[in-house]
Amino acid sequence: MTTKEELKEAASTTVAAAEESPELSKAARPKPAPAGPAGTRFTTLSDVPVQPLYTADDLAGFDYSRELGDPGDYPYTRGIHRTMYRGKLWTMRQFSGFGTPEDTNARLHYLLKQGQTGLSIAFDLPTLMGYDSDHLLAEGEVGRCGVNVSSLADMETVLRGLPLEQVTTSMTINSPAAMIWAMYLVAAEKSGADLKKISGTTQNDILKEYIAQKEYIFPPEPSMRLVVDTITFGAKEVPRWNPISISGYHIREAGSTAVQELAFTLRDGIEYVDWVLRTGMSVDEFAPRLSFFFNAHNDLFEEVAKYRAARKVWARVMRERFGAANPRSWLCRFHTQTAGCSLTAQQPYNNVVRTTIQALAGVLGGTQSLHTNSLDEAWALPTESAVTLALRTQQVIAHESGVPNTVDPLAGSYFVEKLTLETERACYEYFDRIDAMGGMVEAIEKGFPQREIHEAAYKYQQQLERKEKIIVGVNEFVTDEKRPIELLIIDESVAHHQNDRLAALRKSRDNARVQSALEALGSAAGGDANLMSYLMECVRAYSTLGEMCDVLRRVFGTYDEPAF
Amino acid sequence: MPDKRIRVLVAKPGLDGHDRGAKIVARALRDAGMEVIYTGLRQTPEQIASAAVQEDVDAIGISILSGAHNTILPRITELLRAQGVTDTLIVVGGIIPDEDIPGLKQAGVSEVFQPGASTQDIVEFIRAHVKKAVTAGE
């Protein structure tokens, strides 16, 4: 058994020993000798300069309890739980969805059988944009990037036979998150599950859509209202659900630096808290269910520093900026996904290695759940064998590497602690700039985060083309090989299947009930009522996703990004 | 020597919003001295074809990552042909497997740039293949 005191002592001894050790002091430090060819710049993946050596001097005045605290203690730099993975491993949650609801249901069952411990549903583009499978704009896109869900009937098929009270389900859905969540809740109710017991997550993070992923339907103001409605409804009716997963993942995929990912995500979090507070709900009523989602890219230490800084900054924000009193409100609980944008189409087996390093970063950084990408995902959605290998990667880290045996094993590393401090400082600098603009919605309308990300993405691309940054198999160590792997093929039969189902549904349902539910939704949307119960009534009547979104498009209008 | 700048329409069809690639390519073409018009997101084939005609571009660069390329791209080339546009270079970038490339070329796409392509290669290809008389000072 290790007591809190022993942990503290051990940590301070490491730092103190170095302070006293003459060979590590600044005076005696060897001259930084470049280890690479002349002119090599040593930087993190995000282009932050890295010193040749870190010593106690880099942590002068470092206070253990102020900067770190023990795991499970404020400010949670070292982790949100005292025992972390000794108590419970992270949830292994592979993001899955393709083709028809039947295809996806089979994949979800398969993954549970392989030892996956949570579910995560990927939807296709028509669903993400609030169109039914038979909409003109859905042509060519049905079932390709995820599963098509046009109505409650599809959702019931996706979830068929899954133990909804035992397993948590995450759904990557944003603009139509309220509608898809309503479908999930009604499907759960119909299967006999108790809404007070079910748990899971809806991504529901519209701000990062405007910033990075660009799958928005409505303008920012009504979109934020929908998010607020889900958060306040969830706090009362589905208390174990995470109504939002405030996401840096897509910001990073769009080309941001690690610091930008962190800063924009947490500042989005602040924005959501501000908006919910305006409804009169107190911060501790909803903040414990806010959750986060970060990317895991290739630079191991930079990523670990980012996760540690995330917990620390969020705890301070909640306690000091918002006065939250419940410690659960201070916790930055997060999901991690390895970086899709790091995967290469060339030499796809290399992706297994990249994903392993990235997954390790997530685990060393104390993630609550993890998705590992499959080696074929630079080309297509993963085959069954590719996703199995990706899940096995997590299982090897969990059960063979020994990494989960102790909490926050990189703490006390001069480098990692310094990087954590620098990441935290840079994050607050972005907060100040965004606060000065009036908040995140205003910053987005000015195009600020969008431009910052684009600049970083363009700079990185130029570094690749000048070979200042190397991607194995792409700009160095290139081979002329034929693609060595088979791909998952999704064809137009999915669209035909979905369109036939939809036509049958429109005939068999009680269309008068659908009409009156949709009309009630429309008039509620024009006022300021919470829309969740109206959406659930529409769903019970088997209104389609497109029908519900069309009603709201009429009331709220749609959004097009101005040119920045 | 060319004294008229090459005009390129960078277009993003389909429902996908991932515009990192389209924006990087647009900027690289601009940095290479071309005049670039970016359509913005979620343009229908009709909108793209009519923008190409109105803007009288020398080349169209289409970014598509969602897997809908076999449906969307032939429609764009067909619409362009129907409007009498035959001398505009059409290049595509995105997640397009080798197997689909012959069909797309058959449909009128000149070149497909797959993941990992450098912007320099795209710039050079466009420079070498634009068909219109971009050298004539009008």
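Biologist: Which residue stands opposite A:Leu290 in S8(A)?

Modeller: A:Ile244 stands opposite A:Leu290. Strands such as S8(A) are DSSP runs of E with at least two residues, helices are runs of H or I with at least four, and both are numbered from the N terminus. This is a predicted model, in which local features need pLDDT of at least 70 and side-chain atom pairs count only at pLDDT 80 or more, while totals for chains, interfaces and linings use all residues. Residues are numbered from 1 along each chain as its sequence is written, with chains lettered from A and ligands numbered from 1 in the order in which they are written.

Biologist: How many bridges join S8(A) to strand S7 of chain A, and how many join S8(A) to strand S9?

Modeller: Two strands pair if DSSP finds at least two bridges between them. Strand S7 (residues 244–247) and S8(A) run parallel and are joined by four bridges. Strand S9 (residues 334–338) is also parallel to S8(A), with five bridges. In S9(A), A:Thr336 is the bridge partner of A:Phe294.

Biologist: What do S8(A), helix H12 and S9(A) make?

Modeller: A crossover is right-handed if, with the strands pointing away from the viewer, the path from the first strand over the helix to the second runs clockwise. S8(A), H12 (residues 300–321) and S9(A) make a right-handed β-α-β unit.

Biologist: Are the residues of strand S8 buried or exposed?

Modeller: A residue is buried if 20 or more other C-beta atoms, placed from the backbone, lie within 10 Å of its own, exposed if 12 or fewer, and partly exposed in between. Seven of the seven residues of S8 (residues 290–296) are buried, so the strand is largely enclosed by the rest of the structure.

Biologist: Which residues point one way from S8(A), and which the other?

Modeller: In a regular strand the side chains alternate between the two faces of the sheet. Here A:Leu290, A:Phe292, A:Phe294 and A:Ala296 point one way, and A:Ser291, A:Phe293 and A:Asn295 the other way. Across chain A, buried residues make up 51% of the 564 residues.

Biologist: How many residues does each chain give to the contact between chain A and chain B?

Modeller: Two residues are in contact if their C-beta atoms, placed from the backbone, lie within 7 Å. Chain A gives 31 residues and chain B 26. On the side of chain B, helices H1 (20–31), H3 (69–82) and H5 (119–129) are the elements that give two or more residues. H1(B) has the largest share, four residues.
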